[in-house]
Amino acid sequence: MTPESPSLHAGSGGAHAATLQDVAREAGVSLATASRVLNGSARKVAEDFRERVERAADSLGYTPNVSAQATARGRSPVIALLVADIADPYFGQIAAGVARGADERGLVVTISITERDPERENRILRALRGQRPQGLILAASRADRTGEAGAADPADAELEAFSRYGGRVVAFGERPGDGSGTRAITIDNAGGAEELGRRMAALGYRSAIGIGAAEGVRTSDDRLNGFARGFAAGGGEMSRIHRGDFRRESGTAAMAAALAEGVEPGTLVFGMSDVVALGAMSAIRAAGRAVGADIAVCGFDDVSASGDVTPALTTVRVPLNDAGYQAFRAIVDDDWTQAPLPVEVIVRGSTPGL
């Protein structure tokens with residue numbers, strides 16, 4: 001450190017965070033040269049200058065400015081992940097897979113919560129575009145939000161603009177209809193639910209109640225429709241559907257409404273997610289009914305809590321952590337193709353055979 005430079009290390013009196021100007025002065029180079037080395041510019045810098053700048057930055061404890069890196073590189077070392085609800089273990093497992101991939105590449109994951117609100121999602125997308133992340137992962141299930149005259153989803157324009165400026169978009173489920181080459185992570189929601197329906201019919205169930213999200217939410221629709229097909233193929237019928245959202249409380253409320261209408265012993269309840277199914281189980285117990293022996297319950301996802309409740313929840317296992325990891329690889333690998341994400345029916349105590 002030069003004599004005229006103030007102490008910049010943490011813990012010294014009057015210390016302040018080292019700036020790029022401090023690093024340039026310490027290394028004896030221009031500010032532009034220091035910026036090219038530390039902010040990832042594509043312009044070449046002589047090796048001796050690079051080494052001097054890196055030594056100075058290390059000595060001063062300099063932390064690169066992410067915004068400056070984004071300006072120099074055209075993008076920041078950040079992957080943006082959009083989820084509907086961070087408290088939902090479905091999204092938590094996906095986020096863990098994304099973080100695993102980001103750690104391998106030395107990148108940072110930021111998480112934004114959309115609450116499945118289209119306007120909120122659009123605001124987040126606009127803000128993220130200005131921050132220039134390397135990629136954007138849309139993990140929340142998107143409703144079919146085309147207008148009455150077939151107008152495009154307003155979010156599609158934001159995603160197209162994001163791609164146009166060099167960011168890559170990966171969506172869970174169907175690709176947004178923006179024509180930007182968005183990559184998609186597909187989970188066989190319909191096929192897994194159809195196999196679940198067949199298995200439940202094979203156990204002897206003939207009457208089922210579905211609990212799902214609002215019509216037009218693709219994940220919910222695929223699972224409810226798939227289950228109904230499989231159940232019908234085995235001789236069963238899903239006689240009614242109660243709708244709400246993806247929260248546990250919604251499953252509880254929907255099940256309470258079904259019980260108020262009347263539920264015969266031996267009826268099967270299909271919650272379109274484990275979280276919803278767990279809420280339904282709570283409502284059944286609160287009504288003085290027994291889960292399994294009286295009213296059977298099954299779900300979808302196989303979140304960790306599903307095996308911990310009593311009786312344990314019958315479900316469809318989805319490799320969500322692997323799905324999150326594949327979403328990350330879809331951001332960073334130019335020649336990426338999706339590897340299989342097999343789903344598997346797991347029969348447990350909540351659906352004893354009749």
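In this predicted model, the axes of helix H8, residues 189-202, and helix H9, residues 218-233, come within 6 Å of each other and cross at roughly 35°, and the crossing is right-handed. On the H8 side the contact is made by Asn189, Ala190, Ala193, Glu194, Leu196, Gly197, Arg198, Met200 and Ala201, while H9 contributes Thr219, Asp222, Arg223, Gly226, Phe227, Arg229, Gly230, Phe231 and Ala233. Sorted by character, the residues of this contact comprise 8 nonpolar, 5 polar and 5 charged.

A second place to look is strand E1, residues 76-83, where 8 of the 8 residues are buried. In a regular strand, side chains alternate between the two faces of the sheet. Along E1, Ser76, Val78, Ala80 and Leu82 point one way, whereas Pro77, Ile79, Leu81 and Val83 point the other way, and all of them are buried. E1 runs parallel to strand E2, residues 108-113, to which 6 bridges join it, and it also runs parallel to strand E3, residues 133-138, through 5 bridges. Ala80 can serve as a reference point for both pairings, since its bridge partner in E2 is Thr110, and in E3 Ala80 stands opposite Leu136.

The last stop is Gln338, which lies in the loop between helix H12, residues 320-332, and strand E11, residues 344-346. Gln338 counts as partly exposed because its relative accessibility is 26%. Apart from neighbours within four places in sequence, Gln338 is in contact with Ala184, Ile185, Thr186 and Gln326, and its side chain reaches the backbone oxygen of Thr186 at 2.9 Å. Between Gln338 and Ala327, 11 residues apart in sequence, the C-alpha to C-alpha distance is 8.7 Å.

Key: Residues numbered from 1 in each chain as written. Predicted model: local features only at pLDDT ≥ 70, side-chain atom pairs only at ≥ 80, totals over all residues. Heavy atoms only, no water. Axes fitted to C-alpha atoms, helices over the stretch in contact; angles between N-to-C directions. Helix = DSSP H or I, 4+ residues; strand = E, 2+ residues; numbered from the N terminus. Left-handed = near helix turned anticlockwise from the far one by under 90°. Contact = heavy atoms within 4.5 Å. Nonpolar A, V, L, I, M, F, W, Y, C, P; charged D, E, K, R; others polar. Buried < 20%, exposed > 50% of the residue type's maximum accessible area, 1.4 Å probe, protein only. Polar contact = N/O pair within 3.5 Å; in protein donor to acceptor, adjacent residues only side chain to side chain. Pairing = 2+ DSSP bridges.
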